[in-house]
Amino acid sequence: MTYIENIFICLAIPLILSLFFTKGRARSFTLFLTVGMGVCLLGAYVSSFFMGYYGVDTTVAAIEITPVCEEVMKLLPLLFYFLIFEPEPKELPSAAIAIAVGFATFENVCYLTENGAENTAGILGACTGFHAIYNLLITADSPWNMTGYLFPSLLIACLFAVKRSLPNLNIPLK
């Protein structure tokens, strides 16, 4: 059995150690990336707490509790950075992106290891890529954020269409 804390330690320790050898924007990005991974870990605990507190099943938690907990948890370190360190406004987007990338990466690694794909780097890359595209699209301005909201549904519809058309194409899957 893989524990989420072990995964976090394996990913975070090298990133934290690299902070001693980097400077400037690379150091800030790495720090916020690690913070994003830590926020993901804490978000899992907070979501689980509220799931138990309200006595809901995993479906209700995934729809009503987890998204709120995750987004609030991602906002908190950014808010702390903004209020305590008073960065220039141009520095906030890179910090927000690094937190989101760290969160998405850690979340994807945990999903994959929990579902038996711990040795499949290609699936990890695809999941991380799709998650990153989704996060970037929903934070964009104008029509791009609507595209981001529709992205998962459109992807599912495309995959469903491909699955339905495979038997008609007579392509052997072996």
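This is a short walk through a predicted model, one selection at a time.

**Start with the whole chain**

Colour by secondary structure and you will find six helices and zero strands. Following the sequence from its start, the pattern reads α-α-α-α-α-α. If you shade by accessibility, 27% of the 174 residues count as buried. Now think about contacts with a separation of 6 or more: 50% of them come from residues 24 or more positions apart.

**Select residues 4–18**

This is helix α1. Its 15 residues reach 22 Å from the first C-alpha to the last, close to the 21 Å expected at 1.5 Å a residue. Look for a bend of about 30° at Ala 12, with the proline Pro 14 following within four residues. Ala 12 is also buried, as are Ile 7 and Phe 8. What covers them? The cover over the buried residues of α1 includes α2 and α4.

**Add residues 24–54**

You now have α2 on screen. How do the axes of α1 and α2 meet? They come within 9 Å of each other and cross at roughly 165°, so the two helices are roughly antiparallel. The crossing of α1 past α2 is left-handed. To see the contact, show side chains on both helices: on α1, pick residues including Ile 4, Phe 8, Leu 11, Ala 12 and Leu 15; on α2, the partners include Leu 33, Met 37, Leu 41 and Tyr 45.

**Bring in residues 92–114**

This selection is α4. The axes of α2 and α4 come within 7 Å and cross at roughly 45°, an angle that makes the pair oblique, because it falls neither under 35 degrees nor in the range of 65 to 115. Here α2 passes α4 in a right-handed crossing. On the α2 side of this contact, try Phe 29, Phe 32, Gly 36 and Cys 40, among others. Across from them, α4 contributes residues including Ala 95, Ala 98, Ile 99, Gly 102 and Phe 106. Leu 33, Met 37 and Leu 41 of α2 deserve a second look: they take part in the contact with α1 and also in the contact with α4.

While these helices are up, centre on Val 35, which lies in α2. Is Val 35 buried or partly exposed? Its relative accessibility is 29%, so Val 35 counts as partly exposed. Draw a distance from its C-alpha to that of Ile 99: the two atoms are separated by 6.3 Å, although the residues are 64 apart along the chain.

**Finish with residues 58–85**

Helix α3 has 28 residues and reaches 38 Å from its first C-alpha to its last, close to the 40 Å expected at 1.5 Å a residue. Where is the kink in α3? Zoom in on Ile 65, where the helix turns by about 40°, shortly before the proline Pro 67. Ile 65 is buried too, and so are Ala 61, Thr 66, Cys 69, Glu 70, Met 73, Lys 74, Pro 77, Leu 78 and Tyr 81. An α-helix has 3.6 residues a turn, so residues three or four places apart point the same way. Keep α2 and α4 visible, as the buried residues of α3 pack against both of these helices. Last stop: step past the end of α3 to Glu 86, whose phi is positive, near 45°.

Notes. Residues numbered from 1 in each chain as written. Predicted model: local features only at pLDDT ≥ 70, side-chain atom pairs only at ≥ 80, totals over all residues. Heavy atoms only, no water. Expected span 1.5 Å × (residues − 1). Bend = angle between axes of the 7 residues up to and from the residue. Buried < 20%, exposed > 50% of the residue type's maximum accessible area, 1.4 Å probe, protein only. Contact = heavy atoms within 4.5 Å. Axes fitted to C-alpha atoms, helices over the stretch in contact; angles between N-to-C directions. Parallel < 35°, antiparallel > 145°, perpendicular 65-115°, else oblique. Left-handed = near helix turned anticlockwise from the far one by under 90°.
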